[in-house]
Amino acid sequence: MRPRLPATKLKPAAAPTHRQPPPTTYRLLSTAAAPSDECGLQQQLDAHVARGNLSLARHLFDQIPDPDVRAYNALIRAYSWRGPGLAAYALNLYRAMLQDRRVPPDKYTFPFVLKACSALLDLRSGRAIHSHAARAGLHTDLFVSTALIDLYMKCAFLCHATNVFDQMPARDAVAWNAMLAGYALHGMYHHALAYLLRMQDHDARLRPNASTLVSLLPLLAQQRALSQGKSVHAYSVRACLHDKDGVLVGTALLDMYAKCGHLHYTCRVFEAMADKNDVTWSALIGGFVLCNRMVEAFRLFKEMLAQGLCFLSPTSVASALRACANLADLHIGEQLHVLLAKSGLHSDLTAGNSLLSMYAKAGLIDEATELFDEMVVKDTVSYSALISGYVQNGMADEAFLVFRKMQAHNVEPDVATMVSLIPACSHLAALQHGKCSHASVIVRGIASETSICNALIDMYAKCGRIDLSRQIFDVMPAQDIVSWNTMIAGYGIHGLGKEATALFLDMKNRACEPDDVTFICLISACSHSGLVTEGKRWFHMMEQRYGITPRMEHYIGMVDLLARGGFLDEAYQFIQSMPLKADVRVWGALLGACRVHKNIDLGKQVARMIQKLGAEGTGNFVLLSNIFSAAGRFDEAAEVRILQKEKGFKKSPGCSWIEINGSLHAFIGGDRSHPQSPQIYEELDSILVDIQKLGYQADTSFVLQDLEDEEKEKALLYHSEKLAIAFGILTLSEDKTIFVTKNLRVCGDCHTVIKYMTLVRKRAIIVRDANRFHHFKNGQCSCGDFW
DNA sequence: ATAGGGTTAG
């Protein structure tokens, strides 16, 4: 509804320009002081557009009774400049223009309306406009063609872009830059480089300008092509590109140096820059975070704030928050949260997502959830961050709920979402869920992405299907170091040390360099297979042949290898000879082995060490208490548990679960909440009778509380893993393998009972505990009873 | 020109 002026005030619709003398009527109306003259309106329209006051411009436009092409163009142009938010208005106006048959679009209309399509990624409208331009004979116009190239590149229609480019009768640097920028957008380094070279061969007058370099530099950064980056730097100085576009070129250069890991050059470029803006500071801080120089990143962040709040941007805060997450510095993270709130940036999507992730990584999953619920706008990243937050905090089931919520809100999952979700299946050992995720990834066409395959390899391994892991590993288009490590680790938890070793040797044949994690996986694989000598060999080779200095994780693996293999004293001496000060986890590995090998004396000694270091986490309290219980020292065992409570460590109860027909059934020791509990307990009692006939005697040293012997037996009998297995026996047909997962280590008595169970119930049983897989069959376990 | 979520080891 546009307010129309009285018909008497209408002016003839000749297209006046600035240079034309005002029409005679101009004076008449101007004396009446009414801004209704078209020429005057046009000037005011231009003025509002120039000032960026688009609502006033629109208001004026609506006052023009018969707007000419210039008026349309001015407003379309203004709308198309303002990103996707206003681009839709530009398209609407263009459509109005087509309907208003009086005013055909001209060569100034097409580039701007195409720009709007590009901002909206609206390929359909773009192609329609392409054909309008062709009908008007304007599709090979320099500006129209360039706009078309930009559109097709952004919509990933690369051939169309090439066609347009090839049909151009003449090309300027902007056209070449559009091609180059398009390839840069898709990370196509070689194509972009080819156009850069062609551009210079083609016409010596065409020199790469600031825009060229600004497109090119991120590609060089991605390729870590430092030497080429340096030549670009030199060229930019020779071509004086720092004079006019210093901020753009400088920022792109310092970012390139940072991504190539050369912070020294980054800083030198930064210091040399005359003009800096928020993007420059963000790139600088982000560079330090990227190079793991968190403390300096914070220092720079503070320096930036000291320079003035105008430099503060969600991007720079995001980098600072990432530093907090990596350093697990919740204190600074909270300060940044306050800073965001104070500067009104807290509703920014990027900032919100960073905050959410930071809280999740710090273990404050409730804060993260609250933040998520408060976010007005959520995108795929927000959902993915929350999903991975839940998985990292051991709440895999919640992760699935978030995933479902995401689908209900029509937010499309992408590669990162699925890479966050698939580990939830791994944690739960939920093979059906895992297979569904696998199917979903195939449907979405992302199943051959390396990171997706890596997550799937891990999932299948942890769900007991190491065969499927290997299949994916063999079929995937490109393995990276994570793929190899995951596969080796997979063999490790299945006790397939020989296969792990074979894969490691294969890795060398394929010229893939092992890293520090590879050796952690390899040593742990040897440990789970009792390959003590071999494990020791790899450990030495790691340092001597590969020059990798052992980290705490390697020492933990070695102590585990030695102690689990029964060489408890050697393990103890190994700890004494470590160049690093052994932490709780190292002693914890030894303590665990003391329990398995029932070495109470050493166990108590180790327990004292752990107490001195302050038992971190719940695991060691439980082990400690177990050791004392095993020695019959129930007072001390009780003391440990009281201490645990005082320190605020929640007892994480032993929990086992089994997936049946795609749903999970979870059990806690002595738990009767499952609807089929009566049958389950009956079955266990009957199993006890049967296995006692075969000579089973309860090993009551695994009972924590001070109970009478008979009660102890019962306490053992209703351990969570036994409940889950009994439920499996009742539910699954005889030919099916029963696969149970436990969050803690499987208890020694259960280990014995399960072996008997395979005999008296003629079932194959697989138990995955916190450490590894146990394949029970015909009265034996694949781990050879050392685990 | 910068930036938010993701896979392996314990």
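A polar contact here is a pair of N or O atoms within 3.5 Å; within protein, one must be able to donate a hydrogen and the other to accept it, and residues adjacent in sequence count only if both atoms are side-chain atoms. Keep that in mind for the DNA.

First, the ground rules. This is a predicted model: local features need pLDDT of at least 70, side-chain atom pairs count only at pLDDT 80 or more, and totals for chains, interfaces and linings use all residues. Residues are numbered from 1 along each chain as its sequence is written, chains are lettered from A and ligands numbered from 1 in the order in which they are written, and side-chain values use heavy atoms, with hydrogens and water left out.

Now the DNA. Which residues are closest to DNA strand B? They are T315, R322, N353, D414 and S451, out of 48 that surround the strand. Surrounding means that a heavy atom of the residue lies within 4 Å of the strand. Of the strand's atoms that come within 4 Å of the protein, 56% belong to sugar and phosphate.

Some polar contacts, one by one. S384 has a side-chain N or O atom 3.0 Å from a base nitrogen of DNA strand B. D379 places a polar side-chain atom 2.7 Å from a base nitrogen of the strand. K462 goes to the backbone: a side-chain N or O atom is 3.4 Å from a phosphate oxygen.

Next, chain A as a whole. It has 42 helices and six strands. These are DSSP runs, numbered from the N terminus: helices are H or I, at least four residues, and strands are E, at least two. Of its 787 residues, 49% count as buried. Buried means under 20% relative accessible area, exposed over 50%, partly exposed in between (1.4 Å probe, protein chains only).

One buried example is N73. This residue is in helix α4, residues 69–80. N73 counts as buried because its relative accessibility is 9%. Beyond neighbours within four places in sequence, N73 is in contact (heavy atoms within 4.5 Å) with M97, D106, Y108 and T109.

Last, two backbone oddities. Most residues other than glycine have a negative phi. A511 has a positive one, near 55°. It is in the loop between α30 (497–509) and α31 (516–528). At 70% relative accessibility, A511 is exposed. N661 also has a positive phi, about 50°. That residue is in the loop between β1 (655–660) and β2 (663–668). Is N661 buried or exposed? Exposed, because its relative accessibility is 79%.
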